[in-house]
Amino acid sequence: MTDKSSPNWRQKVAFTGDNGFQTALRKRIDEFFADSGHARAGSISIYIKSGVILMLFAVLYVLLVFQADSLPVGLLLALALGLTAAAVGVNIQHDAGHGSFSTIPWVNKMGSMTLDLIGGSSYVWRWKHTRFHHTFVNVTDYDADLDMGGIGRVTPYQKQRWFHRWQHLYMWPMYSLLAIKWQVFDDFAAVALGRLGTHSIPRPKGWDLVLFAGGKALFVVFAFVVPLLVRPWEQVLAFYLLVSMIAGICLSMIFILPHTVEESIFPLVKGSDAHLDTSRAEHQARVTADFERGSKIFTGLVGGLNFHREHHLFPAVCHTYTPALAPIIDNLCEEYGVTHVVHRSYASGIKSHYRLLQRMGRGEE
């Protein structure tokens with residue numbers, strides 16, 4: 001982790017390359033939406049899907065807490081609830097947090113608060129993901145999502161430690177702790193310290209503070225207080241861990257893979273001249289990978305995030321439309337010589353991430 005006094009302690013990176021690709025891309029996407037008649041944000045399908053997911057989440061929660069009368073039934077319900085919690089994150093909160101769930105700002109605000117419902121903080125997420133990750137994606141010391149607190153090493157410019165040689169084995173169970181880290185440590189640390197990785201953030205005030213504290217309190221009530229009224233504490237703790245770990249591994253594998261595979265590029269900026277000799281759009285296309293683009297079922301389950309390049313180029317576009325943007329972007333990338341990574345299957349992406357962990361663990365560049 002970079003020290004605050006380091007030359008890399010900056011909040012901005014300049015993109016100084018030619019904007020031809022970026023200009024052409026915006027023009028063609030504008031033409032697509034003009035011809036199709038679709039609004040970029042919101043769609044009937046995302047509203048229907050969101051309603052089904054939230055209803056399923058509520059039903060599974062009630063069944064697990066109040067009705068599960070055997071261990072097999074409890075385990076099955078916990079598995080389903082964990083998967084549904086992840087579905088809330090990728091299908092509702094993610095779009096809403098980017099303002100693409102609806103054309104109405106307060107609807108997006110409510111949708112983004114579903115992260116607070118599953119134990120995260122929509123306030124911290126807005127800074128970590130929307131501001132730092134999307135702005136500085138894959139730039140070491142700037143992209144907060146690459147900072148694994150020293151436990152893992154995913155870029156050639158992160159410090160290598162002796163235990164990283166085994167990270168291709170131990171990181172997989174660590175990924176399952178993602179949601180728990182948000183819920184019990186990361187969000188509180190970010191707010192208390194006023195920083196995320198090498199970036200400073202404003203501590204929440206006013207309604208943001210009310211939302212942060214209220215969201216955490218509400219999660220504690222539903223995750224612990226209510227279940228403890230009808231279940232012994234051992235069961236409550238065990239099922240909390242199980243549900244959260246299932247959600248954590250799903251969310252990790254959806255958000256980590258598009259940026260950390262063997263083919264991934266990790267540009268380096270340093271010193272007082274923090275710039276990249278490329279346009280912002282070209283940078284986003286080069287450092288972001290797509291997966292399993294041929295499966296409509298997989299696309300629906302992961303909130304279109306397998307079309308991750310399309311999302312990074314146009315984060316304000318509802319995920320139900322991003323698959324339609326892929327052929328347009330493919331053609332432009334070929335026309336302008338912009339390299340991009342597409343894994344035909346999700347399994348191949350998993351294998352590629354495994355190999356990257358091996359390489360980075362051994363200290364290879």
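This section describes the confidence, nonpolar cores, salt bridges and a surface patch of a predicted model.

The protein chain has an average pLDDT of 90. Of its residues, 96% score at least 70. Residues 1-10 fall outside this range, with pLDDT under 50 throughout. For that segment the model has 21 contacts beyond four places in sequence.

Nonpolar side chains tend to be buried together in soluble globular proteins. In this model, the largest nonpolar core has 68 residues. F21, L25 and F314 have the most contacts inside it. Helix α3 (residues 71-97) supplies the largest share of this core, 10 residues. Another core, of 18 residues, lies apart from it. Its members include V124, L196, A274 and L276. Within the 68-residue core, F314 illustrates the packing. Beyond its neighbours within four places in sequence, F314 is in contact with L25, I29, R40, L325 and I329. L25 thus appears both as a contact of F314 and among the residues with the most contacts inside the core.

Side chains of opposite charge can pair when their charged atoms come close. The model has 13 salt bridges. One of them joins K216 and D187, with the closest N and O atoms 2.8 Å apart. K216 lies in helix α9 and D187 in helix α8 (residues 178-193), so this pair ties together parts that are 29 residues apart in sequence. Both K216 and D187 are buried.

A network of salt bridges links D290, R293, R309, E310 and D330. R293 takes part in two of the pairings described here. With D290, the closest N and O atoms are 3.1 Å apart. With D330, the corresponding distance is 2.7 Å. R293 sits in the loop between β5 (289-291) and α12 (296-301), while D330 sits in helix α14 (residues 322-336), so their salt bridge ties together parts that are 37 residues apart in sequence. The burial of these residues varies. D290 is buried, with a relative accessible area of 0%. D330 is also buried, because its value of 19% is under the 20% cut-off. R293 counts as partly exposed, at 24% relative accessibility.

The surface carries a nonpolar patch of about 510 Å². L54, L117, L218, V220, V221, F222 and V225 make up this patch. Helix α9 (residues 206-228) contributes the largest share, 5 residues. L54 comes from helix α2 (residues 44-67). At 34% relative accessibility, L54 counts as partly exposed. Helix α9 therefore holds both patch residues and K216 of the buried salt bridge with D187.

Note on methods: Residues numbered from 1 in each chain as written. Predicted model: local features only at pLDDT ≥ 70, side-chain atom pairs only at ≥ 80, totals over all residues. Heavy atoms only, no water. Patch = residues over 30% accessible without salt bridge, like charges linked within 9 Å, V, L, I, M, F, W, Y side chains within 5 Å. Areas by Shrake-Rupley, 256 points an atom, 1.4 Å probe, with all protein chains shown as cover. Salt bridge = Lys/Arg side-chain N within 4 Å of Asp/Glu carboxyl O. Helix = DSSP H or I, 4+ residues; strand = E, 2+ residues; numbered from the N terminus. Buried < 20%, exposed > 50% of the residue type's maximum accessible area, 1.4 Å probe, protein only. pLDDT = per-residue confidence, 0-100. Contact = heavy atoms within 4.5 Å. Core = buried A, V, L, I, M, F, W, Y, C linked by side-chain atoms within 4.5 Å.
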